[in-house]
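Me: Hi, have you got a few minutes to go through a model with me? I'll paste it in and then fire off some questions.

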Amino acid sequence: MRIDILTVLPGLLQGPFSESIVKRGIEKNLVEVHLHDIREFSKDKHKKVDDTPFGGAAGMVLAMQPLHDAITKLQSEREYDEVIFLTPDGKRLNQGRVNQLSLCGNIMMICGHYKGIDQRLRDHIITMEISIGDYVLSGGELAAAVLTDALVRLVPGVIGDEMSALTDSFQDGLLAPPVYTRPAEYNGWKVPEVLLSGNHEKIRKWEEDEALKRTKERRPDLFD
Ligand code: ADE
């Protein structure tokens, strides 16, 4: 999988991609993540990337030329399965959507800033608009980092069996059951007996029951 991210703040994304799972995916050559600074495409002599909105509304809009040129250049180099704009008014991200997107080969992500991007780019170029939740971030970068992390961990081979993505919360429509590790008793707090029983069938049943119980208590909406 190849992910290209267009942003005016590439520095904001370097940290999240140089640690942990995304770093591992890149090092194993299973994923490529490329950051592109939209400012480098600006033909303005001051490298300006924003402009005032028509109609006189407050705030600024990411200018058309640098962003469109950046997108066009990337599209001339390869075909993209999706060109995603991260925006609070996009479709809400969930595990199902992440699973679908994880089948893509090439994904482009556009990080909005200021009041957003020109609607004509959304009408003609963007193929998918994604929100990571009903709150407003200062830009799309952290949302792109969230989406990238969720995608990369699903690429076969990126995470080992010891952290199998298939047992994550949401993968079977339920929250994951609680987990425990050694020692079996700490500070007087005991691990549920069944987990020490060695009876795999009983343990599986307990995990299923706990996952159901937890989902009913915390996220009854997942049953809708
Ligand atoms: N940009 C700003 N807020 C956002 C959000 N909630 N999701 C995706 N992109 C955003």
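Me: What classes of residue make up the shell around the ligand?

Reply: By class, the shell has eight nonpolar, five polar and no charged residues. Here Ala, Val, Leu, Ile, Met, Phe, Trp, Tyr, Cys and Pro count as nonpolar, Asp, Glu, Lys and Arg as charged, and the others, Gly among them, as polar. One caveat on where this comes from: it is a predicted model, with local features needing pLDDT of at least 70 and side-chain atom pairs counted only at pLDDT 80 or more, while totals for chains, interfaces and linings use all residues. Residues are numbered from 1 along each chain as its sequence is written, and side-chain values use heavy atoms, with hydrogens and water left out.

Me: Good to know. Which residues are closest to the ligand?

Reply: Thr87, Ile132, Gly133, Tyr135 and Leu137 are the closest of the 13 residues that surround the ligand. A residue is near the ligand if one of its heavy atoms lies within 4 Å of it.

Me: And which strand gives the most to that shell?

Reply: That's S5, with three residues. S5 and S7 each supply at least two residues of the shell. Strands (E, at least two residues) and helices (H or I, at least four) are DSSP runs, numbered from the N terminus.

Me: Which backbone atoms do the ligand nitrogens meet?

Reply: A ligand nitrogen is 3.1 Å from a polar backbone atom of Thr87. For Ile132, the distance from a ligand nitrogen to a polar backbone atom is 3.0 Å, and for Gly133 it is 3.1 Å.

Me: How much of the ligand does the protein cover?

Reply: The protein covers 96% of the 260 Å² of accessible area that the ligand has on its own. Accessible areas come from the Shrake-Rupley method with a 1.4 Å probe, and for residues only the protein chains shown count as cover.

Me: Switching topic: which residues touch the most other members of the largest nonpolar core?

Reply: Ile5, Leu101, Met109, Leu147 and Leu151, in a core of 32 residues. A nonpolar core is a set of buried Ala, Val, Leu, Ile, Met, Phe, Trp, Tyr and Cys residues joined through side-chain atoms within 4.5 Å. Buried means under 20% relative accessible area, exposed over 50%, and partly exposed in between (1.4 Å probe, protein chains only).

Me: Which element gives the most to it?

Reply: H6 does, with seven residues. Elements giving two or more residues also include strand S1 (2-7), helix H4 (95-101) and strand S6 (106-111). There is also a second, separate core of 18 residues, with Val49, Ala70, Val83 and Leu121 among them.

Me: What does Leu101 touch further along the chain?

Reply: Leaving aside neighbours within four places in sequence, Leu101 is in contact (heavy atoms within 4.5 Å) with Met1, Glu82, Ile84, Ile107, Met128, Ile130, Leu147 and Leu151.

Me: Now the acids. Is Asp50 buried or exposed?

Reply: Asp50 counts as buried because its relative accessible area is 17%. It sits in strand S3 (residues 50-51). Outside its neighbours within four places in sequence, Asp50 contacts Met60, Val61, Leu62, Ala63 and Tyr114.

Me: What about Glu210, buried or exposed?

Reply: Glu210 is buried, at 18% relative accessibility. It lies in helix H7 (residues 200-218), and with neighbours within four places set aside, Glu210 is in contact with Pro177 and Pro178. By contrast, Glu79 counts as exposed, at 71%; you'll find Glu79 in the loop between helix H3 (64-77) and S5.

Me: I like checking backbone geometry too. Where is there a cis peptide bond?

Reply: Between Arg182 and Pro183, with omega about 0°. Pro183 is in the loop between H6 and strand S8 (185-186).

Me: Which residues have a positive phi although they are not glycine?

Reply: Ser20 is one, with phi about 60°, and Phe170 is another, with phi about 80°. Most residues other than glycine have a negative phi, and most peptide bonds are trans. Ser20 is in helix H2 and is exposed, with a relative accessible area of 55%. Phe170 is in the loop between H6 and S8 and is partly exposed, at 37%.

Note on methods:
A polar contact is a pair of N or O atoms within 3.5 Å; within protein, one must be able to donate a hydrogen and the other to accept it, and residues adjacent in sequence count only if both atoms are side-chain atoms.
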